[in-house]
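Q: Could you walk me through the charged side chains of this model, and in particular any acidic one that goes without a partner? I'd like to see what lies around it, and then how the rest of the picture fits in.

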Amino acid sequence: MNTQDRVLIAGAGPVGMVAAASLVRQGVPVTVLEANAELSNESRASTFHPPTLDMLDRLGAARPLIAQGLIAPQFQYRNRREGLFAQFDFATIADATTHPFRLQCEQSRLTRILLAQLQNEADFEIVFSSTVRGVTQSADGVSVSLERDGRTESEAARFLIGADGARSETRASLGIDFEGFTWPERFLVVSTPFDFHSVIKDLVHVNYVADPQRWNFFLQTPAAWRIMFPIGADESDELALSREFAQSLMATLVPGIDRYEITHTTLYRVHQRVAATFRKGRAFLIGDAAHINNPLGGMGMNGGIHDAINLTDRLAAVWHGAKPESELDRFDKQRRLVTKEYVEKQSIQNKKNLESTGTEFRDRLKEIAASPERTREYLLATAMISSLKRAQELG
Ligand SMILES: Cc1cc2nc3c(=O)[nH]c(=O)nc-3n(C[C@H](O)[C@H](O)[C@H](O)COP(=O)(O)OP(=O)(O)OC[C@H]3O[C@@H](n4cnc5c(N)ncnc54)[C@H](O)[C@@H]3O)c2cc1C
């Protein structure tokens, strides 16, 4: 491979790996630079939305991912007093997707599937233990400085995609602001192998529980149930991470059960931020490097994969001379706007809904669930299909 004649991707998370797969499938050579010595095993995103599965299908990755995950055709809203008050079924939008369900599967399974598929492709290279530190650009190329085995090295390419996560060094080096705010509360994720289906008979794989003090959501993954709770600004990290505290939160879930086997707890600080631009010359930002949001609605990784496909389809057309470079401005215009209008707004609204007092949210959802037209509109929005349609309409 001519080292200049390729696209560099910083970061081998789910978004960087999807970008790499999409470019390689379209005949564009790629080198992925990953700071860690191997793919991450961290337990983070576990929900893939229908249009994301449609996109992964194009890359040949949906089928093996589905084989490793749980198909979730429905999701539920509950509250502590009444239990279930609204259930939605993706069958209602089966004409708008070839995957009318959410897939519950850890993001680390996707990166491994993609790496296994790409490994022997001539146009694909991945270099681990290579941390991107700085970016410089000229009219026809990008140069990246790297830290590798304690040495500083550099790599050159025609384009650079920064998929290096929320603390993106690509974004910092390009001098792009990350505008937004940090929530005062943190989120605690507790994992347990306990079989909730045995005690809550009508439970599905994805369930949100509204409560003004301690809302939560329970998600089932192939390996465990994950329950997420908000942790108030007045509760210390030390308290939040103690096993007894996790047990006390878990004890609020099912009357009569006050001890659980807890396999894992993780405490997250949660932000809502969008980069001031997703493109600077020949460098682009996608995924968490470009935007971060709270995990309610499962839109962070999904939105990042939508960025990756939007950008790489344009980049491949430019690479092969089918479109002029101005085509790449569309990526920033479309994805930045829908990130602000949909992903950020909706994830903030999802949090407000779950923690709201009174019955307004419950009553509104019941009304939506009772109306086929409103259910359809609601599902198209929560499945992120409306945001993709809006991006297309922007031209
Ligand atoms: C508890 C939790 C639950 C979530 N649930 C969902 C969900 O259900 N659905 C959803 O859509 N989203 C969810 N998210 C969000 C989701 O995890 C992120 O949006 C997703 O990981 C973003 O992927 P990414 O590839 O952009 O970044 P990352 O996954 O952060 O990957 C970035 C990669 O870049 C590497 N890197 C970092 N710096 C450098 C550097 N300088 N040079 C080279 N490499 C570098 C890192 O090592 C890493 O491998 C959740 C998040 C949390 C915390």
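A: Happily! A good place to begin is the network of salt bridges that links R6, E125, R148, R151, E153 and E155 in this predicted model. The count of salt bridges comes to 33. Let's go through a few individual pairs before turning to the acid that has none.

R133 and E147 meet through their side chains, with N and O 3.0 Å apart, in a salt bridge. This pair links distant parts of the chain, since R133 sits in strand β9 (residues 130-137) and E147 in strand β10 (residues 142-148), 14 residues apart. R133 is partly exposed, at 37% relative accessibility, and E147 is partly exposed with a relative accessible area of 37%.

E82 and R362 form another salt bridge, and their closest N and O atoms are 3.2 Å apart. E82 belongs to the loop between β5 (74-79) and β6 (83-89), while R362 belongs to helix α10 (residues 360-370), so this pair ties together parts that are 280 residues apart in sequence. The two partners differ in their surroundings: E82 is partly exposed, with a relative accessible area of 34%, whereas R362 is buried, with a relative accessible area of 18%.

The third pair leads us to the unpaired acid. E42 forms a salt bridge with R44, with the closest N and O atoms 3.8 Å apart. E42 counts as partly exposed at 40% relative accessibility, and R44 is partly exposed as well, with a relative accessible area of 37%.

Now, which side chain of opposite charge is nearest to E34? R44 is, but at 9.7 Å, and E34 is buried without a salt bridge. A salt bridge needs a side-chain nitrogen of Lys or Arg within 4 Å of a carboxyl oxygen, so a separation of 9.7 Å rules out that pairing for E34. In general terms, side chains of opposite charge can pair when their charged atoms come close.

What does the side chain of E34 meet instead? One of its polar atoms lies 2.8 Å from the backbone nitrogen of A12, and the backbone nitrogen of N36 lies 2.9 Å from a polar atom of the E34 side chain. E34 itself is placed in the loop between β2 (30-33) and β3 (47-48). Leaving aside residues up to four places away in sequence, E34 touches G11, A12 and G13, together with V127, F128, S129 and S130.

S129, one of those contacts, deserves a pause of its own. Phi of S129 is positive, near 55°, although the residue is not a glycine. Most residues other than glycine have a negative phi. S129 lies in the loop between β8 (124-127) and β9, and it is partly exposed, at 29% relative accessibility.

E34 also brings us to the ligand. Of the 32 residues that surround the ligand, the closest are E34, V132, D288, M301 and N302. N36, whose backbone nitrogen we met beside the E34 side chain, places a polar side-chain atom 3.3 Å from an oxygen atom of the ligand. The backbone takes part too: a polar backbone atom of T47 is 3.2 Å from a ligand oxygen, and a polar backbone atom of G300 is 3.3 Å from an oxygen atom of the ligand.

G300 begins helix α8 (300-319), which is among the elements covering the buried residues of α12, along with α2 (50-58), α9 (329-355) and α11 (372-382). In α12 (residues 385-393), I385, S387, L388 and A391 are buried. These four span an arc of only 165° around the axis, which puts them on the same side of α12. The face turned away from that buried side carries K389 and E393, both exposed.

The flanks of this helix are worth a look as well. M384, in the loop between α11 and α12, has a positive phi of about 70° although it is not a glycine, and it is buried, with a relative accessible area of 2%. After α12 comes G395, whose phi is positive, near 75°.

Methods. Residues are numbered from 1 along each chain as its sequence is written. This is a predicted model: local features need pLDDT of at least 70, side-chain atom pairs count only at pLDDT 80 or more; totals for chains, interfaces and linings use all residues. Side-chain values use heavy atoms; hydrogens and water are left out. Helices (H or I, at least four residues) and strands (E, at least two) are DSSP runs, numbered from the N terminus. Buried means under 20% relative accessible area, exposed over 50%, partly exposed in between (1.4 Å probe, protein chains only). Lys and Arg count as positive and Asp and Glu as negative; His and the chain ends are not counted. A polar contact is a pair of N or O atoms within 3.5 Å; within protein, one must be able to donate a hydrogen and the other to accept it, and residues adjacent in sequence count only if both atoms are side-chain atoms. Contact means heavy atoms within 4.5 Å. The arc is that of the directions from the helix axis to the C-beta atoms. A residue is near a molecule or strand if one of its heavy atoms lies within 4 Å of it.
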